[in-house]
Amino acid sequence: RGIFFCNFTCEMRNTYLLFAAAAMVAAASAAGISPSTVNLRVNSPRSNALCLGSKMLKEAIAMERLRGGGGKLKVAFLTAGGLAPCLSSSIGYLIEIYNEYDPEIEMIGYVDGYKGLLKGEYVKVTPEVRRLAPVFVASGGSPIGNSRVKLTNIKDCVKRGLVKEGQDPQKVAADQLVKDGVTVLHTIGGDDTNTAAADLAAFLKRNNYALTVVGLPKTIDNDVYPIKLSLGAMTAAQQGAIFYENVVNEHSANPRMLIVHEVMGRHSGWLTAATAKTYRERLVSRNYVPQLGLNEKCKDVHAIYVPEMSIDLDAEAARLARIMDEVGNVNIFISEGAGMDEIIKRMEAAGQTVPRDAFGHPKLDAVNAGKFFADQLGEKIKAEKTLVQKSGYFARSAAPNDEDRALIKRCCHKAVESALLGQSGVVGQDEDTPNLELRAIEFERIAGGKPLCVREGWFQQTLKEIGQPFTPAVGGHHEGNHIEHPSFEDELRKKLSLVGKA
């Protein structure tokens, strides 16, 4: 019935058990038994029979594969899309973890994302680079570079000189992976980056080439279905708050100042809302001297505009005018995608062409939501001066904070485990599981455009505290059923508490 027994004697240490389990997996494979059906069981004179968990079995299978039981591995990294405070850190952790499994495993990084893959340009992870991997963990940006390339946009790829006329970019990329002998590809990017990699894997599978693709969800917008929290998002919110702590002092440079803080976020207002929340939390820890003008009210957030809410400009102008009269200035946090459809409609009606990227997305710098709202509201609230400041590039290029590094490290461990087991997907906390299981989520379930859930308690409380009425966007698709999960921060604190008690 496919039952396989293996007797061994060793000290009851996990490391020895793991090596013994790996030997058992190897023997089972030699006997024609699928390793995934092996039941690892330990008999100890000091306890009853102990059935080893799935984690030990997975590690045993991974170890045997690294030793040659599953074929030679060659790992490639690729970062793509915009920057986020996780790219360099992810590469650093992946190098460290693979190196712990096997210092001989070959690793490369494609330069400038899919552009490098199409051109066959990569850098090798040398022994010296492995030794210095911790440096990447504490750095911002991407050491191997990014680009925005859509493999199915043949016209754009030809225009940019990435492929020749008549070539299929997807086939060129697939052929390059085969030529380079890559068996595991780690893509660190948003939904476009990871779904493009999944298409590559499917293309190669149809041509009898096995490629395991394990993505990591990079986006400061935190807008990837069904992932609870994308890598770099927490840091971006913190950095956006730090950015505005300086900018807000401009309110003292001119009477009746309107300052608009434009935050990144095409379809999702999560980053804008989280930045405002973080900024206000930091604000209360400051000291003030209201008797001589150093007033918390002058620095507070007075309005938050996100794509998931309808904005009645006349009603908001009346509310903000009262704040301007009372406080002397107004501070607005706005998502770059807020009111985007209306702004584009006005631009096109005026005969303007809205530039778009390789994926067909409008280039938001050209849409300029911050300026639109500043112009619309400035006159209505009788602002003497308006100032629009964008924190996006400042926030997204930062090194990850401690909370993000903890999440990135967990995701990288799971990514390596999934890769060694031949399981493709995008690693993240799966919102469709009861306990936010960290797993390689199937590519077909990955999608972008996940909105901020405006019904969440923390967002509703923020609006209540600043006195802003709540009106969801027309259509109500952003109000969908929301499952309340504990935040990653709460989960991390709980685990650290348990460790402390132990």
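Buried here means under 20% relative accessible area, exposed over 50%, and partly exposed in between, computed with a 1.4 Å probe on protein chains only. The model is predicted, with local features requiring pLDDT of at least 70 and side-chain atom pairs counted only at pLDDT 80 or more, whereas totals for chains, interfaces and linings use all residues. Residues are numbered from 1 along each chain as its sequence is written, and side-chain values use heavy atoms, with hydrogens and water left out.

**View 1. Cysteines 298 and 411 are buried.** Cysteine 298 has a relative accessible area of 9%, and cysteine 411 has one of 2%. The structure holds 0 disulfides, a disulfide being a pair of cysteine sulfur atoms within 2.5 Å. Cysteine 411 accordingly belongs to no disulfide, the nearest cysteine sulfur, that of cysteine 412, being 7.1 Å away.

**View 2. An open sheet of 7 strands has mixed pairing.** The strand order is β5-β4-β3-β6-β7-β12-β13; strands (E, at least two residues) and helices (H or I, at least four) are DSSP runs numbered from the N terminus, and two strands pair if DSSP finds at least two bridges between them. At the edges stand β5 (122–124) and β13 (438–441), each with a single partner strand, so one side of each is left without a neighbour in the sheet. From one strand to the next the twist averages 25°, where axes are lines fitted to C-alpha atoms, for helices over the stretch in contact, and angles run from 0 to 180 degrees between N-to-C directions.

**View 3. Strand pairs β3–β4 and β12–β13 run in parallel and antiparallel senses, respectively.** β3 and β4 pair over 4 bridges, and in β4 the bridge partner of alanine 76 is isoleucine 108. β4 is mostly covered, with 4 of its 5 residues buried. Strand β12 (residues 425–429) and β13 are likewise joined over 4 bridges, and the bridge partner of glycine 428 in β13 is arginine 439.

**View 4. Helix α8 (residues 169–180) packs on the sheet.** Helix α8 touches β3 (74–79), β4 (106–110), β5 and β6 (184–189), and its direction makes about 150° with that of β4; contact means heavy atoms within 4.5 Å. Helix α18 (residues 402–420) lies across β6, β7 (212–217), β12 and β13, running at about 170° to β7.
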